[in-house]
Amino acid sequence: MNKILDVVGNSDLEINVKTPDARHLLNGFEKIANRVTTGIILAALIVGAALMMRITSSFQISATPASP
């Protein structure tokens, strides 16, 4: 106990933690991040398309305004 208190008192205490499922957990986080990124890009495309629909133009494709 005395040695442990000496190590803690000298700030030399190191703790190594091994997690057997760390790779599995990181794979889950990567999937979530990919889905969030895809959702943000898709939402940006939808908003951009909606803004483009508001532009008046004489050129139309299937009653949808388009710019030449």
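**Briefing: a predicted helical model with little burial**

Threonine 19 lies in the loop between helix 1 and helix 2, the latter covering residues 22–53. Helices here are DSSP runs of H or I with at least four residues, strands are E runs of at least two, and both are numbered from the N terminus. The model is predicted: local features need pLDDT of at least 70, side-chain atom pairs count only at pLDDT 80 or more, and totals for chains, interfaces and linings use all residues. Residues are numbered from 1 along each chain as its sequence is written, and side-chain values use heavy atoms, with hydrogens and water left out.

**Overall form**
- The protein has two helices and two strands.
- Their order along the sequence is α-α-β-β.
- The C-alpha trace spans about 85 × 25 × 15 Å along its principal axes.
- The radius of gyration is 28 Å, whereas a compact globule of 68 residues would have one near 11 Å. This radius is taken over C-alpha atoms, and the globule rule is 2.2 Å times the number of residues to the power 0.38.

**Surface and burial**
- Buried residues make up 1% of the 68 residues. Buried means under 20% relative accessible area, exposed means over 50%, and partly exposed lies in between (1.4 Å probe, protein chains only).
- The accessible surface comes to about 6600 Å² (Shrake-Rupley method, 1.4 Å probe; for residues, only the protein chains shown count as cover).
- Carbon and sulfur atoms hold 64% of that surface.

**Helix 1 and the nonpolar patch**
- Helix 1 is hardly covered, with zero buried residues among its eight.
- Valine 8 sits in helix 1, which runs over residues 2–9. Valine 8 is partly exposed because its relative accessibility is 45%.
- Val8 also helps make a nonpolar surface patch of about 850 Å². Its partners are Met1, Ile4, Leu5, Val7, Leu13, Ile15 and Val17.
- Patches use residues with over 30% relative accessible area and no salt bridge; like charges are joined within 9 Å, and nonpolar side chains (Val, Leu, Ile, Met, Phe, Trp, Tyr) within 5 Å.
- Serine 11 follows helix 1 and has a positive phi, near 60°.

**The loop between helix 1 and helix 2**
- Threonine 19 counts as exposed because its relative accessible area is 51%.
- Threonine 19 and alanine 63 are 44 residues apart in sequence. In space, their C-alpha atoms are 59 Å apart.
- Proline 20 belongs to this loop as well. Proline 20 is exposed, at a relative accessible area of 78%.
- From proline 20 to threonine 37 the C-alpha distance is 28 Å, over a sequence separation of 17 residues.

**Charges**
- There are 6 positive and 5 negative side chains (Lys and Arg against Asp and Glu; His and the chain ends are not counted).
- The centres of the two sets lie 19 Å apart (charges placed at NZ of Lys, CZ of Arg, CG of Asp or CD of Glu).
- The model has one salt bridge (a side-chain nitrogen of Lys or Arg within 4 Å of a carboxyl oxygen of Asp or Glu).
- Arginine 23 and glutamate 30 form a salt bridge through their side chains, at 3.3 Å, N to O.
- Glutamate 30 is partly exposed at 42% relative accessibility. Arginine 23 is partly exposed at 49%.
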